[in-house]
Amino acid sequence: MNLAGKAPNDILFVDFNQDFSCVSISTRNGYKIFNCDPFGKCYNKSDGGIGIVEMLFCTSLVALVGAGEQAAFSPRRLQIINTKRQSVICELLFVNTVLAVKMNRKRLIVVLEEHIYIYDIGNMKLQHTIDTNPNPNALCALSPSSDNCYLAYPPNSAGATGELLIFDALNSQAVNIIQAHKSPLSSVVFNYDGTMVATASDKGTVIRVFAVPGGQKLFQFRRGTYPARIYSISFSLNNTMLCVSSETDTVHIYKLTDEGQKEPQHSSLSRRTSSGERKYLTSVYDTLKSPLASATAAVGTYLLPDAITEMWDPQRDFAFAKLPSSSKGLPSLVALSGSSPQLMVVTGDGYFYSYNVDLQLGGECILVKQYTLDVEDSTPSPNGSD
């Protein structure tokens, strides 16, 4: 998450690694890596302004992008660092600013405003280049999975508002275009296995979850009645919950269960759809198996009828957490711990909050620990209070 100009301190960037076991931050002075459970700083490097720091799981491989225009710390320069050996593995220089970097064990993704570059992370050779519509917010997601190695981003086509293109990053081909929302997308994230993708629009009132690569809508959740900017969406590692943070002071947690939330089976869809619509849907699906140009052409002007896309009311949250007043309104990053029933929240003012989640009853989560990320010694506040 890019925090430049959004945080009341020197933090420029913050992100969890792929399994939520670590959190990394970058500042105008360097970058730090913290272990999440138990919490503690495990790496610190004062190396000038760093605008992006991304980890590859818990390995010593880290991707860095500069935050200044000095030759060594340019935002157009990407370095892959081995933190254990204190060495630079490779360096890539781009014409324009690097807005985001995504990694899994097979692919390295570099996002610029109008281009996405896909590299083989094993040899750092460029595999594919994607031209995109202007994407200043670097809206793009990469699955952590090496097997289901999918990329998701808004398609480069006219009239594609609210659409999401699913791209096979191993075979360099588009596999589906999902009509996710009616409004422009603001957030997209894969689950750990690369079998689901969650989306939100710039309205931020409804969160939707789709199957990957098929694109069937699986879940639909209500965040709130009034529009709000979504800051972060995250699946639990076991695919049982989804958490969402926004510009409000509430973090929502939803259950990914079969209790009336999944989309009706194809037999129900058939009863509500004309034979002509069914034939068209079949032809669209067949066409989507072809490369990017065919996929975009096939779906660029087609929107599913409201009768199909809105078959049930969105479900409300199962549990929620209230952020301390000092962090209200600031950008926040959320994740569910893979080792304990806890919600983790990192806020733009440099705090790491840990909440207990009652997996049986839900309800309000209890703040149990609070740490600071922007001082030399990170210690918990007494009783989890401010």
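Which residue lies over the face of F318, and at what distance from the ring centre? I looked this up first and found K255, at 4.4 Å from the ring centre. The rule I applied is that a charge sits over a ring if NZ of Lys or CZ of Arg is within 6 Å of the ring centre and within 35 degrees of the ring normal.

**Ground rules**

I note that this is a predicted model, in which local features need pLDDT of at least 70 and side-chain atom pairs count only at pLDDT 80 or more, while totals for chains, interfaces and linings use all residues. Residues are numbered from 1 along each chain as its sequence is written, and side-chain values use heavy atoms, with hydrogens and water left out.

**Whole chain**

I listed the secondary structure and got four helices and 29 strands. These are DSSP runs numbered from the N terminus, with helices being H or I of at least four residues and strands being E of at least two. The chain has 386 residues, and 56% of them are buried. I use buried for under 20% relative accessible area, exposed for over 50% and partly exposed for in between, with a 1.4 Å probe and protein chains only.

I then took the contacts (heavy atoms within 4.5 Å). Of those in the chain with a separation of 6 or more, 43% are between residues 24 or more positions apart. The accessible surface is about 16800 Å², and carbon and sulfur atoms hold 49% of that. Accessible areas come from the Shrake-Rupley method with a 1.4 Å probe, and for residues only the protein chains shown count as cover.

**Aromatic rings**

I paired rings of Phe, Tyr and Trp (its six-membered ring) if their centres lie within 6.5 Å; planes under 30 degrees apart count as stacked, over 60 as edge-to-face and the rest as tilted. The count comes to twelve aromatic pairs. I looked at F57 and Y192: the ring centres are 6.3 Å apart and the planes are at 90°, so I entered the pair as edge-to-face. This pair links distant parts of the chain, 135 residues apart. F57 is in the loop between β5 (50–55) and β6 (61–66), and Y192 is in the loop between β17 (185–190) and β18 (196–201).

F57 is buried at 2% relative accessible area, whereas Y192 is partly exposed at 29%. I also found the charged end of R105 over the ring of F57, 3.7 Å from its centre. Elsewhere I noted one aromatic cluster formed by F34, F39, F352 and Y371.

**T199 and V206**

Is T199 buried or exposed? I read a relative accessible area of 0%, so T199 is buried. T199 is found in strand β18. Its side chain makes a polar contact with the side chain of H181, at 2.8 Å. For a polar contact I require a pair of N or O atoms within 3.5 Å; within protein, one must be able to donate a hydrogen and the other to accept it, and residues adjacent in sequence count only if both atoms are side-chain atoms. Leaving aside neighbours within four places in sequence, T199 is in contact with residues including L164, H181, V206, F210 and I233.

I followed the chain to V206, which is in strand β19 (residues 206–211) and is buried at 11% relative accessibility. With the same kind of neighbours left aside, V206 is in contact with residues including H181, T199, F221 and P314. The C-alpha atoms of V206 and F221 are separated by 5.6 Å, with their positions 15 residues apart along the chain.

**S327**

S327 is in the loop between β24 (319–322) and β25 (332–336), and I found it buried at 0%. The side chain of S327 makes a polar contact of 2.9 Å with the side chain of Y353. Not counting residues up to four places away in sequence, S327 touches T347, D349 and Y353.

**Salt bridges**

I searched the whole structure for salt bridges (a side-chain nitrogen of Lys or Arg within 4 Å of a carboxyl oxygen of Asp or Glu) and found three.

- D10 pairs with R28, the closest N and O atoms being 3.9 Å apart, and D10 is partly exposed at 42%.
- E91 pairs with R77 at 2.5 Å between the closest N and O atoms. E91 lies in strand β8 (residues 87–93) and R77 in strand β7 (residues 77–82), so the pair ties together parts 14 residues apart in sequence.
- K322 pairs with D249 at 3.6 Å between the closest N and O atoms. K322 lies in strand β24 and D249 in the loop between β22 (241–246) and β23 (250–255), so parts 73 residues apart in sequence are tied together.
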